[in-house]
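Trainee: I should like a close look at one part of this structure, namely the packing of its helices. Please describe it in connected form, and add whatever local details help to complete the picture.

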Amino acid sequence: MSAHPRRTAVLISGRGSNMAALVRAAQAPGFPAEIALVLANRADAAGLDFARAHGIPTLVLSHKDYADRVAFDAALDAHLKAEGIEIVCLAGFMRLLTPWLVERWRDRMINVHPSLLPSFKGLHTHERALEAGVRVHGCTVHFVRAEMDEGPIILQAVVPIEPDDTPDVLADRVLAQEHVIYPKGLELLASGRLTVADERVQIAGARGGLPPLVVPGV
């Protein structure tokens with residue numbers, strides 16, 4: 001484990017509920033990461049108010065101020081480096097990152113996605129899960145790779161799909177589990193318990209070294 005909490009930046013575009021879950025987790029004594037920066041690409045991102053209220057430095061970096069994705073990502077990387085950031089957490093950051101940036105932060109950048117990857121990549125995951133008639137749904141914490149919603153899986157949580165579910169009801173059930181497993185994923189990464197081999201995650205101390213599956217209530 002690192003001798004000091006790992007300086008972590010959380011990137012948001014909106015309400016930042018997963019960012020808030022990370023902030024609350026990092027406040028616990030002995031947590032191996034500190035949320036040192038909340039960065040948004042939108043000045044009206046509601047999560048910025050939460051971060052400021054909790055004394056966390058914030059930065060607005062509007063993608064509209066840059067000619068293209070490459071220029072924006074170069075500026076983003078420069079700000080992260082200037083702040084001494086060691087880990088990056090994407091929390092509803094609605095930007096496709098360039099392969100250049102993703103590679104610079106390889107195995108130090110994580111994301112939470114509202115489905116059991118590799119199923120239902122992209123948007124509208126809850127509607128698509130209901131339309132597909134699957135019996136279970138969930139969320140995934142994973143390392144970020146250049147392809148959208150790709151990357152070695154760290155943790156997953158499963159929730160049942162009930163007969164009378166709507167997309168909104170299902171989304172709330174999944175989001176509750178995102179708030180559980182995303183802080184746990186950050187904790188595992190910051191404490192040095194994760195290794196990636198052949199694009200598969202091993203967790204030191206876990207049964208068989210494999211990423212666990214969280215099943216609420218079991």
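Mentor: What follows begins with one helix and its cover, turns to two helix pairs, and ends with a few individual residues.

The model is a predicted one, and the description should be read with that in mind.

Helix H1 spans residues 17-26. The helix is mostly covered, with nine of its 10 residues buried. Those buried residues are Ser17, Asn18, Met19, Ala20, Ala21, Leu22, Val23, Ala25 and Ala26. The cover over them is provided by several elements, including strands E1 (6-12), E2 (33-40), E4 (87-90) and E5 (109-113), together with helices H2 (47-53) and H6.

Of these elements, H6 deserves a fuller account. Two packed helices are described by the angle between their axes and the distance between the axes. For H1 and H6 (residues 167-190), the axes come within 9 Å and cross at roughly 50°. At that angle H1 is oblique to H6, and the crossing is right-handed. On the H1 side, the contact is made by Ser17, Asn18, Ala21, Leu22 and Ala25. An α-helix has 3.6 residues a turn, so residues three or four places apart point the same way. On the H6 side, the contact is made by Leu175, Glu178, His179, Tyr182, Pro183 and Leu186. By character, the residues of this contact comprise seven nonpolar, three polar and one charged.

H6 also packs against a second helix, H5 (residues 125-132), with the axes 9 Å apart and at an angle of about 115°. H5 is therefore roughly perpendicular to H6. This crossing, too, is right-handed. Here H5 contributes His126, Glu127 and Leu130, while H6 contributes Pro167, Leu170, Ala171 and Val174. The residues of the contact of H5 with H6 are divided into five nonpolar, one polar and one charged.

Strand E2, already named as part of the cover over H1, contains Glu34. Glu34 counts as partly exposed, at 33% relative accessibility. Leaving out residues up to four places away in sequence, Glu34 touches Pro5, Arg6, Arg7, Thr8 and Ala26. Ala26 is itself one of the buried residues of H1. Between the C-alpha atoms of Glu34 and Val136, which are 102 residues apart along the chain, the separation is 33 Å.

A further local detail concerns aromatic rings. A search of the whole structure finds one aromatic pair. It is formed by Tyr66 and Phe72, whose ring centres are 5.8 Å apart and whose planes stand at 70°, so the pair is edge-to-face. The cut-off behind that assignment is an angle over 60 degrees. As to accessibility, Tyr66 is partly exposed, with a relative accessible area of 27%, whereas Phe72 is buried, at 0%.

Phe72 also leads to Ser62, a residue in the loop between strand E3 (58-60) and helix H3 (69-82). Apart from its neighbours within four places in sequence, Ser62 is in contact with Asn41 and Phe72. Ser62 has a relative accessible area of 19% and is buried, because buried means under 20% relative accessible area.

To return to the helices: H6 meets H1 obliquely and H5 roughly at a perpendicular.

Terms used:
Residues numbered from 1 in each chain as written. Predicted model: local features only at pLDDT ≥ 70, side-chain atom pairs only at ≥ 80, totals over all residues. Heavy atoms only, no water. Axes fitted to C-alpha atoms, helices over the stretch in contact; angles between N-to-C directions. Helix = DSSP H or I, 4+ residues; strand = E, 2+ residues; numbered from the N terminus. Parallel < 35°, antiparallel > 145°, perpendicular 65-115°, else oblique. Left-handed = near helix turned anticlockwise from the far one by under 90°. Contact = heavy atoms within 4.5 Å. Nonpolar A, V, L, I, M, F, W, Y, C, P; charged D, E, K, R; others polar. Phe/Tyr/Trp six-rings, centres within 6.5 Å; stacked < 30°, edge-to-face > 60°. Buried < 20%, exposed > 50% of the residue type's maximum accessible area, 1.4 Å probe, protein only.
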